[in-house]
Amino acid sequence: MERVRDEGNISRLESLFDRYRGIVPKEVLVKEDVLLKGLNFSEEALKGEYQEKAYYLFTFDPDKPEVVKRRARIVPQEIRISGGIWGLRPTIIQSRHSSNSPYTVGLMDGKKVLLLDGIPVAEVEFARRPVYYGTRLSNGMAVEEVAPAIYWGETADVTAFRICEYWGIGGQCKFCDINENFKAWGGLREGVGVAVPKGLVAEAVSIASEDQGVKRYLITGGSIMDGKKEAQFYLGYIQAVEERLSRRIPARLNTQALPPETLGKFYEAGVDYYHPNLEVWDPKLFSLISPGKDRLIGRNEWIRRTLEAVKVFGVGNVSPNFVAGIEMAYSDNFPYGFRRVEDAVKSTAEGIEFLMSKDVVPKFDTWGLEPLSWFGRAGVTPPPLEYYAELYVKYLELKVRYGLPWPKGLGEAGPGISKAPATGFMDMDK
C-alpha cells in the first residue's frame with residue numbers, strides 16, 4: 001500500500017468510512033485526521049470561558065514557532081466534537097494549532113462547529129475550565145502553571161523536568177521538541193525553571209485532586225542521562241506528592257526504562273501506572289530516532305527493564321508508549337522510514353505482540369510533527385490516515401488474542417467514551 005495522493009478531504013474521509021465500516025469507527029478516523037492536520041480557530045470561536053492551553057511536555061503544534069508562541073494560552077487545551085453530518089459520537093481531541101489546517105473551529109448561528117474545507121461537519125465543545133484553575137500556590141503562581149488538566153479534566157499533568165539532557169549531546173529523539181518548547185514559552189515559564197520545585201508540585205497536585213473531575217495525576221518530564229539520578233529525581237516527586245495525597249488518587253509515571261531494582265521504591269511510594277516509553281520498535285529505527293536512549297541504555301536493556309516492571313506493577317499497569325507514525329518518517333535527510341503502510345504496521349505489530357505476550361500493554365500517541373524537532377527541520381512527512389486505521393485494527397486483534405485489558409491509567413475506552421486526547425486507539429470498539 002503506497003502513500004495515497006490527497007483528494008478532497010471530505011470525500012477522502014467518507015471513502016475511508018466505507019472501507020473500514022464495522023472495523024474502525026468513524027470517530028477514530030476523524031480524530032486521527034484532525035491530530036495529523038491540526039486545528040485552526042476563528043477569533044469568534046475563542047470568545048468566552050474555557051480551559052486554555054497550558055504548558056505541556058511538547059508543543060504538538062505543527063504551526064510556525066512564532067505562531068505557537070502568540071497563540072499560547074489562547075486556544076483551548078482540548079475540544080470535543082459530536083453529531084454533524086456523520087452523526088459522530090462525542091470524541092475528545094487534543095488541540096494542535098495549525099493556521100494552515102483544513103480544519104477550523106468557527107461559529108455558526110451562535111454555536112461552535114468544526115469546518116472541513118469550510119463545510120460544517122460536527123458540533124464542537126471546548127473543555128471546561130477546571131474549578132481549581134486560578135488558585136494561587138504559595139509562591140503566587142496559578143496552580144495550572146504546575147498541574148494543568150488533560151484528558152478532559154481527568155488527569156492533573158505535571159512536567160517536572162522541562163528539558164531533556166540528551167539534547168546536550170545531540171542524542172535527542174528526532175520527533176521531540178521538548179527543549180525548544182521550553183524556550184518558546186519564554187516569560188510564561190518564569191518562576192518555574194527547568195526543574196519544578198517538589199514542594200510546588202505537591203501543593204499543586206493536592207489542590208487539583210480536590211476537584212471531583214480529577215481522577216489521577218501524571219508525573220512526566222525529560223530524560224536525565226544518569227539513570228540512577230533520574231530514578232532519584234522522579235522518586236522525590238512521587239514521595240512529595242504522596243505525603244500530601246496519601247493515595248487519594250492514582251499516580252502515573254512517565255520516565256525512561258528505570259533499573260528494575262529501583263521500581264519497587266516507586267511502587268511503594270505510590271506509583272500505580274508506569275510508562276517507560278519505547279517510542280519505536282524497529283531496532284535500526286530505534287537507534288536512529290532515539291540515539292541517546294540507544295547509546296546510554298540500549299534497546300534490549302530497555303525492553304528487559306520494561307518486562308521486569310510487570311512483576312512490580314502488575315498486568316495492565318505497564319504501558320510503554322509508541323509515537324505512532326514515526327516509523328514512516330522519510331525524507332532526503334532521513335531516508336530510513338518505512339515507505340509502505342503494511343511494512344510499518346507489520347513492524348510495530350511485531351513489537352506489540354512481543355510485549356503483549358509478556359503481559360505488557362503498549363499505548364500510543366499520534367505523532368505531531370513539530371517544526372523545531374529534528375524531524376521538523378529535516379522535512380519529513382507524517383504517514384497517511386490508513387496507517388492509523390490498520391495499526392489500531394491490529395492492536396485490538398492482539399489485545400483480544402492475549403486477553404489483556406486496555407492500558408490502565410488512561411481511563412475508559414471505546415467510541416464516545418474515551419477521554420484520551422492525543423490518540424484514537426482508545427476510541428476503538430471493544
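Confidence in this predicted model averages a pLDDT of 94 across the protein, and 96% of the residues score at least 70. The start of the chain is another matter: over residues 1–6 the pLDDT stays under 50, and the model has 18 contacts for this stretch beyond four places in sequence. Where pLDDT is low, the predicted coordinates should not be read in detail.

A good place to begin a tour is the open sheet, whose five strands run in the order β7-β8-β9-β10-β11 with mixed pairing. Its edges are formed by β7 (149–150) and β11 (271–276), each of which pairs on one side only. Helix α6 packs on this sheet and touches β8 (155–161), β9, β10 and β11, its direction making about 155° with that of β9. Within the sheet, β9 (residues 216–221) pairs with β10 (residues 251–255) in the parallel sense, over three bridges.

Tyr-217 is worth a closer look: this residue stands opposite Ala-251 in β10. Besides Ala-251, Tyr-217 touches residues including Thr-155, Val-205, Ile-238, Val-241 and Leu-245. Tyr-217 also belongs to the largest nonpolar core, which has 139 residues; Tyr-217 is listed there among those with the most contacts inside the core, together with Leu-114, Ile-219, Phe-266, Trp-367 and Phe-375. In soluble globular proteins, nonpolar side chains tend to be buried together.

Helix α6 (residues 227–245) also holds Glu-243. Is Glu-243 buried or exposed? Its relative accessible area is 67%, so Glu-243 counts as exposed, the cut-off for that term being over 50%. Glu-243 lies 9.9 Å from Gly-270, C-alpha to C-alpha, although 27 residues separate the two in sequence.

Definitions and conventions
Residues are numbered from 1 along each chain as its sequence is written. This is a predicted model: local features need pLDDT of at least 70, side-chain atom pairs count only at pLDDT 80 or more; totals for chains, interfaces and linings use all residues. Side-chain values use heavy atoms; hydrogens and water are left out. pLDDT is the predictor's confidence in each residue, from 0 to 100. Contact means heavy atoms within 4.5 Å. A nonpolar core is a set of buried Ala, Val, Leu, Ile, Met, Phe, Trp, Tyr and Cys residues joined through side-chain atoms within 4.5 Å. Buried means under 20% relative accessible area, exposed over 50%, partly exposed in between (1.4 Å probe, protein chains only). Helices (H or I, at least four residues) and strands (E, at least two) are DSSP runs, numbered from the N terminus. Two strands pair if DSSP finds at least two bridges between them. Axes are lines fitted to C-alpha atoms, for helices over the stretch in contact, and angles run from 0 to 180 degrees between N-to-C directions.
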